[in-house]
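Trainee: Could we go through this model step by step, beginning with its interior and then turning to the ligand and to some individual residues?

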Amino acid sequence: MTKHILVLGGGVIGLSCAFELKRRGFAVTLLEPRTCGGQASGAAAGMLAPFSENVEQPDPFFKLCLRSLQLYPEWQRAVKEVSGFDFEYAETGSLYTIYHGADIQAMESRKLWQNEHGARCELLSAHELRELEPRITSDAIGALHYPGESHVYAPDYVKALEAACKRIGVVIRDGLEQIDIVRWNGGAEVRSAAGERFCGDTLLVANGAWAGLLEAEFGMSIPVYPIRGQICAYETPDKPVRHMVFCSQGYVVGKRNGTLVCGASEDVAGFQTAVTRRGIARLESWNGKLFPFLGSMRPFHEWAGLRPASQDGFPLLGKPSRSDSLLIAAGHYRNGILLSPVTAHVIADIAEGRNPGGSAVAAFDPERFS
Ligand SMILES: Cc1cc2nc3c(=O)[nH]c(=O)nc-3n(C[C@H](O)[C@H](O)[C@H](O)COP(=O)(O)OP(=O)(O)OC[C@H]3O[C@@H](n4cnc5c(N)ncnc54)[C@H](O)[C@@H]3O)c2cc1C
């Protein structure tokens, strides 16, 4: 008999899992209190940058990010094909800028271990950097160039995922306001604010920064909490920035629609998604240092989202042993857009009773804090 999975949460993680589970033959109902993509996923810069985001060592998190980057070309093609909806997927590569001679040695050793994992990274001189990115600050003395990193336009990607899910028969119910869990062991049942009941065989919790609120419900430690990210965009129809450009304080990404997305702050503000003057001013100051032409411009759009951070920085992925009907996919922090294909594959493998990739996935055991 077809197994029925209830997915809690309509962000990139819930939608990606729903898409893959449905493709593998499960019946899927996705439940969202507000609108799909209305939280962190719609707010993201959309960078797919495992090398620029993981600079220390090839730990299991880096390997998960890398696996996901490798899945992206095929994954985004499938989402576009099924949804009939185009979204930007740009294989621009990225530049991680360097400002001091003293940093060169650290960059050399980063390049060494990352190239062992397929980064194809090169250390560029100031002159080579300016050839690739002519409008960069003259303070930069070089950069690490990662030709294999890419980015998507996150709001459109999430819309396409939602459309793709609907096309293949995922039932999506949004605007439910409140969703209460009635049963999560021996089957799944939840109830909406209006009293509507939804039943299934398995409950997949994919509610991002809100996952930690379910600790008491499941009687286990789920140290996932919101970290606000403030971000802004400039109107730049002449497309002055060609790559994703990082410095230690932030990043700048040029989008196909002529906007330049610059992020992002990190602060603790509970579940507040308002921007602050201070947060945006700090971004503006760094943007102007990285690209001097931005010093005289003002962002035309400012927004914020809640990254689902976990205590150890790793997501919680898998099946807690305390229930035969519960799956968790939460805590993707700064990399949920990048990690969406691999998360969908891991969760669908587990739902099918298959091994999703051995020891690498053990590091993300959702019960590791309990
Ligand atoms: C400013 C910013 C920039 C970012 N840039 C990048 C980037 O460049 N690259 C990258 O990979 N990642 C980036 N991220 C991180 C990325 O956005 C997140 O990791 C990702 O969106 C998390 O997806 P999610 O589906 O888990 O959470 P969300 O998108 O927050 O979705 C969770 C959903 O669950 C719903 N929900 C809440 N409670 C319940 C409940 N009880 N039942 C059911 N549903 C519920 C919410 O309404 C929400 O729609 C960025 C984040 C921010 C804020």
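Mentor: Let us begin with a term: a nonpolar core is a set of buried Ala, Val, Leu, Ile, Met, Phe, Trp, Tyr and Cys residues joined through side-chain atoms within 4.5 Å. Bear in mind throughout that this is a predicted model.

Trainee: Which residues of the largest nonpolar core touch the most other members?

Mentor: In soluble globular proteins, nonpolar side chains tend to be buried together. Here the largest nonpolar core has 51 residues, and those that touch the most other members are Leu21, Tyr157 and Leu204.

Trainee: Which element gives the most residues to this core?

Mentor: Among the elements that give two or more residues to the core are the strands β1 (4–8), β2 (27–31) and β20 (326–330), together with helices that include α1, α4 (60–83) and α7 (154–168). The element that gives the most, with 10 residues, is α10.

Trainee: Turning to the ligand, which residue has a polar side-chain atom 2.6 Å from one of the ligand's oxygen atoms?

Mentor: The ligand is surrounded by 35 residues, of which the closest are Glu32, Ser41, Met47, Tyr333 and Arg334. Polar backbone atoms also approach ligand oxygen atoms, at 3.1 Å for Ile13 and at 2.7 Å for Tyr333. The residue whose polar side-chain atom lies 2.6 Å from an oxygen atom of the ligand is Glu32.

Trainee: How much of the ligand's area does the protein bury?

Mentor: The elements that give two or more residues to the shell around the ligand include α1 (12–23), β14 (224–235) and α10 (336–351). By class, that shell has 18 nonpolar, 13 polar and four charged residues. Taken alone the ligand exposes 1,000 Å², and the part of this that the protein buries is 96%.

Trainee: Where does the ligand lie with respect to the domains?

Mentor: Residues of the shell come from domain 1 (4–80 + 154–222 + 311–362) and also from domain 2 (91–149 + 225–310). Because both domains give residues to the shell around the ligand, its place is between domain 1 and domain 2.

Trainee: With which side chains does the side chain of Glu284 make polar contacts?

Mentor: Glu284 sits in helix α9 (residues 277–290), and its relative accessible area of 10% is under the 20% limit, so Glu284 counts as buried. Its side chain makes one polar contact at 2.6 Å with the side chain of Arg277, and another, at 3.1 Å, with the side chain of Arg298.

Trainee: Is Tyr333 buried or partly exposed?

Mentor: Tyr333, in the loop between β20 and α10, has a positive phi of about 45° although it is not a glycine. Since buried means under 20% and exposed over 50%, the relative accessible area of 22% makes Tyr333 partly exposed.

Trainee: What is the relative accessible area of Lys239?

Mentor: Lys239, which is not a glycine either, has a positive phi of about 50° and lies in the loop between β14 and β15 (244–247). Lys239 is partly exposed, with a relative accessible area of 47%.

Trainee: What is the omega of the peptide bond from Gly263 to Ala264?

Mentor: Ala264 belongs to the loop between β17 (259–263) and α9. The peptide bond from Gly263 to Ala264 is cis, with omega near -25°.

Terms used: Residues numbered from 1 in each chain as written. Predicted model: local features only at pLDDT ≥ 70, side-chain atom pairs only at ≥ 80, totals over all residues. Heavy atoms only, no water. Near = heavy atom within 4 Å. Polar contact = N/O pair within 3.5 Å; in protein donor to acceptor, adjacent residues only side chain to side chain. Areas by Shrake-Rupley, 256 points an atom, 1.4 Å probe, with all protein chains shown as cover. Helix = DSSP H or I, 4+ residues; strand = E, 2+ residues; numbered from the N terminus. Nonpolar A, V, L, I, M, F, W, Y, C, P; charged D, E, K, R; others polar. Domains from an automatic or database assignment. Buried < 20%, exposed > 50% of the residue type's maximum accessible area, 1.4 Å probe, protein only.
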